Amino acid sequence: MVHIFNKPVVGIIMCRQMLGPHPAMTLQEKYLNAVQAAGLLPFPLAQGLGDDEQGLEQALAMLDGLLLTGSYSNMEPHHYGESGEEPLNDPGRDRLSLRLITAARQRQLPLFGICRGFQEMVVASGGTLHRRLHDTGLFDEHREDKQQPLAQQYAPAHDILPEAGGLLARLAGPGRQPVNSLHMQGVKALGAAARVEARAPDGLVEAISLIDQPFALGVQWHPEWLSRDNALSRALFDGFAAACRHYRACKEEG
């Protein structure tokens with residue numbers, strides 16, 4: 001019997017953390033679970049690919065989509081024109097994510113960014129970030145209460161309103177949608193290469209897409225959490241999966 005292995009392959013960026021005395025590349029299971037539940041094959045991307053041009057090209061040739069995950073780290077501010085240090089940094093991830101977004105735009109590769117991944121897309125497309133939303137006095141509280149159980153941290157925190165005619169509205173419908181909120185940073189300004197897909201009630205940009213790309217969606221909330229139990233999360237991952245399948249089919253035909 002001949003078996004055809006044809007699941008779209010999705011590259012998922014990894015984070016650098018210390019496990020005891022050892023530096024490690026990590027990837028939270030919730031992202032892997034969400035990708036697999038959508039019928040996709042996850043392929044972790046080590047940060048060293050950011051400094052390995054040939055290796056990165058080889059990996060990209062195998063991929064049908066890219067997922068930029070959330071993280072406990074933040075982008076270093078020099079990437080968006082600000083000075084100062086970022087104590088919760090991960091410079092290897094910064095390098096790789098920016099290269100991946102550039103490659104995705106060149107190849108028209110489906111791209112889905114979540115939380116930090118959303119912020120990476122903002123910066124890569126010429127935008128800037130508020131480094132500490134809660135210090136601006138402009139927005140509601142968007143951080144989670146880390147003293148609460150995870151189920152409470154990831155519970156709906158506010159609504160988002162998709163922009164009419166956008167990618168998010170096509171995937172999930174035009175009405176208000178409840179989302180969770182677990183972030184400290186947020187959009188200050190968007191570059192010309194991005195468009196707003198949704199805002200929170202306080203006006204903060206909660207989702208973007210990249211212009212001139214069939215599927216390049218970034219969301220500030222966490223749809224990967226119990227992704228099949230939430231209608232909006234299912235719509236986002238299923239839409240991403242459909243784009244990856246289409247990309248793979250076109251690649252096989254051409």
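Let me start with the cavity, and with the residues around it. The lining of the largest cavity divides into two nonpolar, three polar and three charged residues. Keep in mind that this is a predicted model.

How many cavities of 30 Å³ or more does a search of the whole structure find? One. The largest cavity has a volume of about 30 Å³. Its lining consists of Leu133, His134, Asp140, Glu141, His142, Arg143, His183 and Met184.

I'll pick one residue from that lining, His142. Where does it sit? His142 is in the loop between β7, residues 128-130, and α5, residues 150-153. Is His142 buried or exposed? The relative accessible area of His142 is 2%, and the cut-off for buried is under 20%, so His142 is buried.

Now its partners. The side chain of His142 makes a polar contact with the side chain of Asp202, at 2.7 Å. Set aside the neighbours within four places in sequence, and the contacts of His142 include two histidines, His158 and His183. Leu133, Leu182 and Leu204 are in contact with His142 too. So are Ser181, Ala200 and Glu206, along with Asp202. Two of these contacts, Leu133 and His183, also line the cavity.

On to the pockets. The largest pocket has a volume of about 500 Å³. Its lining takes in 24 residues. Which of them lie nearest the centre? Ser71, Tyr72, Glu144, Lys146 and Leu182. Three elements give two or more residues each to this lining: α1 at 29-37, α4 at 116-124, and α5. By class, the largest pocket is lined by nine nonpolar, 10 polar and five charged residues. Leu182 is worth a second look here. Leu182 is among the residues nearest the pocket centre, and Leu182 is also a contact of His142.

Next, the second largest pocket. Its volume is about 280 Å³. It is lined by 20 residues. Nearest its centre lie Cys15, Arg16, Gln17, Ser71 and Asp90. Ser71 appears here, and Ser71 is also on the list for the largest pocket. Which element supplies the largest share of the lining of the second largest pocket? That is β2, with four residues. Both β2, at 15-19, and α3, at 91-107, supply at least two residues. By class, the lining of the second largest pocket has nine nonpolar, nine polar and two charged residues.

Now some strand pairing. Strand β8, residues 158-162, runs antiparallel to strand β11, residues 194-199. Two bridges join them. Pro162 stands opposite Ala198 in β11.

β11 has another partner. Five bridges join β11 to β12, residues 205-210, again antiparallel. Arg199 has Val205 in β12 as its bridge partner. The hairpin of β11 and β12 has five residues between the strands. Within the hairpin, Gly203 takes a positive phi near 95°.

That brings me to backbone angles. Most residues other than glycine have a negative phi. Two residues here go the other way.

Take Cys115. Cys115 is not a glycine, yet its phi is positive, about 55°. Cys115 lies in the loop between β6, residues 111-114, and α4. Cys115 has a relative accessible area of 6% and is buried.

Then Leu226. Leu226 is not a glycine either, and has a positive phi of about 45°. Its place is the loop between β13, residues 216-219, and α7, residues 231-253. Is Leu226 buried or exposed? Exposed, with a relative accessible area of 51%. The cut-off for exposed is over 50%, so Leu226 qualifies at 51%.

Last stop, helix α4, and one residue in it, Val122. At 0% relative accessibility, Val122 counts as buried. Which residues is Val122 in contact with, leaving aside neighbours within four places in sequence? The list is Gly127, Thr128, Leu129, Val187, Ala189, Leu190 and Ile208. Thr128 and Leu129 fall in the range of β7, 128-130. Ile208 falls in the range of β12, 205-210. One long-range pair to note is Val122 and Gly186. They are 64 residues apart in sequence, and 9.4 Å apart in space, C-alpha to C-alpha.

Terms used: Residues numbered from 1 in each chain as written. Predicted model: local features only at pLDDT ≥ 70, side-chain atom pairs only at ≥ 80, totals over all residues. Heavy atoms only, no water. Buried < 20%, exposed > 50% of the residue type's maximum accessible area, 1.4 Å probe, protein only. Polar contact = N/O pair within 3.5 Å; in protein donor to acceptor, adjacent residues only side chain to side chain. Contact = heavy atoms within 4.5 Å. 1 Å grid on protein atoms, 1.4 Å probe; cavity = no way out; pocket = protein on both sides within 12 Å on 5 of 7 lines; lining within 4 Å. Points joined across faces, edges and corners; volume = space filled by probe spheres on them. Nonpolar A, V, L, I, M, F, W, Y, C, P; charged D, E, K, R; others polar. Pairing = 2+ DSSP bridges.
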